[in-house]
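Colleague: I'd like a close look at one part of this model, with enough of the surroundings to see how that part sits. Could you walk me through it?

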Amino acid sequence: VEYWTPTAIERLPAVLVTDGDGRRPLTVSLEIRGRVVHVQAWRVDFGRVPVYLLDTDREDNHPIDRWITDRLYVADRHTRLAQYTVLGCGGVRMLDALGIEPHLVHLNEGHAALGTFERIGTLLRGGTPIAEAIEIVRARTVFTTHTPVAAGNEWFPREEVEPVLGALHRDL
C-alpha cells in the first residue's frame, strides 16, 4: 500500500534559497500546460558541495502544478514531461538566478535534457548564431546513460509535447 505524508521541512537539513535581501524565496518561472509555474529551490550541503532541490509546492502555483515535484517516476506522462521541464529548463534558470555558470553540464539519462534547449535558447536570445550556440552547448555537455537500449529511454510524440511545453516549445 502506497501512501504519502507531509514532510516536516523544518526537521530536514535543508534551507530555502532566498533572494538578495533574504526575505523571499528565490524563484524562476516557466510556462507549463499554459500556466506560469513558479519554482523555488532548497539547498542541502553535503560537506562542501551544495545540492539544490527544485520545488513547485508554492501557494502561488495552480494546485495541479504544486504536485509536479511531489514524487518521481509517476505513471502520468504529462506529469513526467512537466518534471523534465522543471528539472531541465527550470534548473538552468535557477543556476543563472544563483549566479552559477557551470563550465560543464553532466546529464545522466534524459531527465534534464530540456535544459540543453534552454541553454541554446539563452545564447540565441543573446545574439549567438544558431550553429555556434549548438556547438557551444555541445562542447560543454556530457551525457551518460545506464540504460542504453530503446526500451529504457522515453520519447514523447509532438501531440504530447505541445500541450505541456507550450511557449517553451514555440520560443525555440
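Colleague: How many nonpolar, polar and charged residues does the lining of the second largest pocket have?

Modeller: Counted by class, that lining has 12 nonpolar, 7 polar and 2 charged residues. Keep in mind that this is a predicted model. The second largest pocket has a volume of about 530 Å³, and 21 residues line it. Nearest its centre lie Y84, G110, A113, L114 and F156. The elements that each give two or more residues to the lining are α1, α2 (114–125), α4 (158–165) and α5 (167–171). Of these, α1 gives the most, with 3 residues.

To place those helices, start with the whole chain. Its secondary structure comes to 5 helices and 6 strands, and along the sequence they follow the pattern β-β-β-β-α-β-α-α-β-α-α. The C-alpha trace spans about 45 × 40 × 35 Å along the principal axes. The radius of gyration is 17 Å, which agrees with the value near 16 Å that a compact globule of 172 residues would have. Of those 172 residues, 33% count as buried. As for the contacts between residues at least 6 apart in sequence, 60% join residues at least 24 apart.

Now to α1, the top contributor to the lining. This helix covers residues 77–97 and holds Q83. T85 is found in α1 too. T85 is buried, because its relative accessible area is 0% and the cut-off for buried is under 20%. Setting aside residues up to four places away in sequence, T85 touches L30, I32, G90, L114, L165 and L168. One of these, L114, has already come up as a residue nearest the pocket centre. Two others, L30 and I32, belong to the covered face of strand β2.

Q83 has a relative accessibility of 9%, so it counts as buried as well. With neighbours within four places left out, Q83 is in contact with I68, R71, L72, Y73 and V74. Y73 deserves a second glance: it is found in the loop between β4 (49–55) and α1, and it has a positive phi of about 60° although it is not a glycine. Most residues other than glycine have a negative phi. Y73 counts as exposed, because its relative accessibility is 64%.

Since T85 touches L30 and I32, β2 is the next stop. This strand runs over residues 27–32, with V28, L30 and I32 on the covered face and T27, S29 and E31 on the uncovered one. Why that every-other-residue split? In a regular strand the side chains alternate between the two faces of the sheet. β2 pairs with strand β3 (residues 35–46) in the antiparallel sense, over 6 bridges, and V28 stands opposite V39 in β3. The hairpin they make has 2 residues between the strands, and R33 takes a positive phi near 60° there.

On the other side of the story is G110, also among the residues nearest the pocket centre. G110 is touched by F143, which also touches L107 and E109, not counting residues up to four places away in sequence. F143 has its place in strand β6 and counts as partly exposed, because its relative accessibility is 47%. The C-alpha atoms of F143 and L104 are separated by 11 Å, with their positions 39 residues apart along the chain.

E109 lies in the loop between β5 and α2, and α2 is one of the elements in the pocket lining. E109 has a phi near 65°, another positive value in a residue other than glycine. Unlike the exposed Y73, E109 counts as buried, because its relative accessibility is 6%.

That leaves β5 itself, residues 105–108. V105 and L107 make up its covered face, while H106 and N108 make up the uncovered one. β5 and strand β6 (residues 141–144) run parallel and are joined by 4 bridges, with N108 partnered by T144 in β6.

How values were computed: Residues are numbered from 1 along each chain as its sequence is written. This is a predicted model: local features need pLDDT of at least 70, side-chain atom pairs count only at pLDDT 80 or more; totals for chains, interfaces and linings use all residues. Side-chain values use heavy atoms; hydrogens and water are left out. Buried means under 20% relative accessible area, exposed over 50%, partly exposed in between (1.4 Å probe, protein chains only). Contact means heavy atoms within 4.5 Å. Two strands pair if DSSP finds at least two bridges between them. On a 1 Å grid over the protein atoms alone, a cavity is a set of points where a 1.4 Å probe fits but cannot get out, and a pocket is an open set with protein on both sides within 12 Å along at least five of seven lines; lining residues have an atom within 4 Å of a point. Grid points are joined across faces, edges and corners, and a volume is the space filled by probe spheres set on the points. Ala, Val, Leu, Ile, Met, Phe, Trp, Tyr, Cys and Pro count as nonpolar, Asp, Glu, Lys and Arg as charged, and the others, Gly among them, as polar. The radius of gyration is taken over C-alpha atoms; the globule rule is 2.2 Å times the number of residues to the power 0.38.
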